[in-house]
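Could you walk me through this structure, one part after another? I would like to see how its pieces fit together around the ligand.

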Amino acid sequence: MKKFKWGIIGTGKIAHTFATALKHDENAQLCGVASRTAEKAESFAKEFGFEKSYGSYKEFAEQSDAEIVYIATPMSSHFDDAVLCLENGKNVLCEKSLTVHAKETKELLALAEKKGLFFMEAMWMKCRPVYRKMKEWIASGQIGEIEYIKADFSNYISYDPNDRLFREDCGGGCLLDLGVYPMTLAHDLLGMPDEIVYDAHMRYGVDISNSIRLRYKNGAFVSADNGFEVQLSNNAVISGSKGYIILGNWFHCTCEGTLYSKDGKEIERFVHPDAINGYEYEVEEVHSCLEKGLKESPLIPHSDTIAVMELMDRLRELSR
Ligand SMILES: NC(=O)c1ccc[n+]([C@@H]2O[C@H](COP(=O)([O-])OP(=O)(O)OC[C@H]3O[C@@H](n4cnc5c(N)ncnc54)[C@H](OP(=O)(O)O)[C@@H]3O)[C@@H](O)[C@H]2O)c1
């Protein structure tokens, strides 16, 4: 496989985690990093070994040789940052949630298509081995028809007025930050729901917790609680007519999943420790797509990204 020239936009928390995985991938060339502050870009470049650093996103997009850019800015900036990259001929891996509303997601993906560029939402959960094993178990009929999914994502997070999570202007709130994982799981396994019940606790202009129920015509339902106010175990249960699957705590990034029969007998336990920090699978998926000349990942198709954004729009409509 050839080496792919990577760039990163934004030097916050997840950019550090992602760059750690990138640094270990022998097919990744660390080409350039951009920050709104030249000193931050320089220090990030030094820490991870990027060849060049840029004190503005625009300068990076226009001048860097990077062919694939990881966008790690707050939700509210993804649209502008991604347009900047696409207009400058760069493929994009953009953090979740892709945008604040589905309308901008559709515009972005249409632009990528028009430009003939690769675009992937950084929904790393779907690239992870345990998630893929769960899909295999389901596809081979091991749990029968899915009747119920329980998937929560809620942690104690102290209020900080500067944190993007609590800032409306940054696309804050727990639905876009955490709820996107349970909603992606639900949509991936059951599609679009027929009925929705949504209850959000709004504070500081954002949802700091929410409780979601999705109902499907065939009787299946989904329960998901998300937020910054309480600690939940954050595992996931996918229960079907013939058996069930439990994904370990922090289901979206767990290294462990177990398949059970209906009477609770363990059929298979799948354990896959991360070689680096769990983001390596997403990097590998991007490389595999670029190598094959694909414009979207079969693991994270554009249609799924759009559908989940539409679902999250529908949820928020209910809290108005
Ligand atoms: N996949 C995952 O596991 C995961 C985990 C956490 C977060 N995320 C996603 O990654 C994105 C970034 O999250 P994060 O936790 O890394 O956030 P963060 O620590 O706040 O970093 C965001 C970075 O974006 C840049 N930025 C641009 N405009 C900004 C603005 N108006 N306010 C603040 N920062 C701005 C800043 O970089 P410069 O100062 O260098 O320009 C900042 O360091 C979000 O979309 C989030 O949902 C994904």
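**A walk from the ligand outwards**

Let's begin beside the ligand: among the elements around it, α1 gives the most to the shell, with three residues. Bear in mind as you look that this is a predicted model. Helix α1 (13-23) is joined by α4 (75-87), and each of the two supplies at least two residues of the shell. There are 22 residues around the ligand, and those that come nearest are Gly10, Thr11, Gly12, Ile14 and Ser35. The shell is a mixture by class, with eight nonpolar, seven polar and seven charged residues.

To place the ligand in the whole chain, it helps to bring in the domains. The domain assignment gives domain 1 (4-124 + 279-292) and domain 2 (129-277). Because both domains give residues to the shell around the ligand, the ligand lies between them.

Now look at how the two domains meet. Their centres, taken over C-alpha atoms, are separated by 26 Å. Across the boundary, 14 residues of domain 1 are in contact with 11 residues of domain 2. On the domain 1 side, α1, α4 and α8 are the elements that give two or more residues. Helix α1 gives the most here, with three residues. By class, this side of domain 1 has seven nonpolar, five polar and two charged residues.

Since α1 has now come up at the ligand and at the domain boundary, let's turn to its buried residues. They are Ala15, Phe18, Ala19, Ala21 and Leu22. These residues cover an arc of only 160° around the axis, which means that they sit on the same side of α1. An α-helix has 3.6 residues a turn, so residues three or four places apart point the same way. The buried residues of α1 pack against the strands β1 (4-9), β2 (28-34) and β4 (68-71), and against the helices α2 (38-48) and α8 (280-292).

One of those residues, Leu22, leads us to Trp6. Leaving aside neighbours within four places in sequence, Trp6 is in contact with Leu22, Ala28, Gln29, Leu30, Cys31, Ala66, Ile68 and Tyr70.

From Trp6 we can step into the largest nonpolar core, which has 98 residues. Trp6, Val92, Ile245 and Met312 are the residues with the most contacts inside this core. Helix α7 (residues 174-190) provides the largest share of the core, nine residues. Domain 1 and domain 2 each contribute at least three residues to this core. In soluble globular proteins, nonpolar side chains tend to be buried together.

Terms used:
Residues numbered from 1 in each chain as written. Predicted model: local features only at pLDDT ≥ 70, side-chain atom pairs only at ≥ 80, totals over all residues. Core = buried A, V, L, I, M, F, W, Y, C linked by C-beta atoms within 7 Å. Buried ≥ 20, exposed ≤ 12 C-beta atoms within 10 Å, placed from the backbone. Helix = DSSP H or I, 4+ residues; strand = E, 2+ residues; numbered from the N terminus. Domains from an automatic or database assignment. Contact = placed C-beta atoms within 7 Å. Near = placed C-beta within 6 Å. Nonpolar A, V, L, I, M, F, W, Y, C, P; charged D, E, K, R; others polar. Arc of directions from axis to C-beta.
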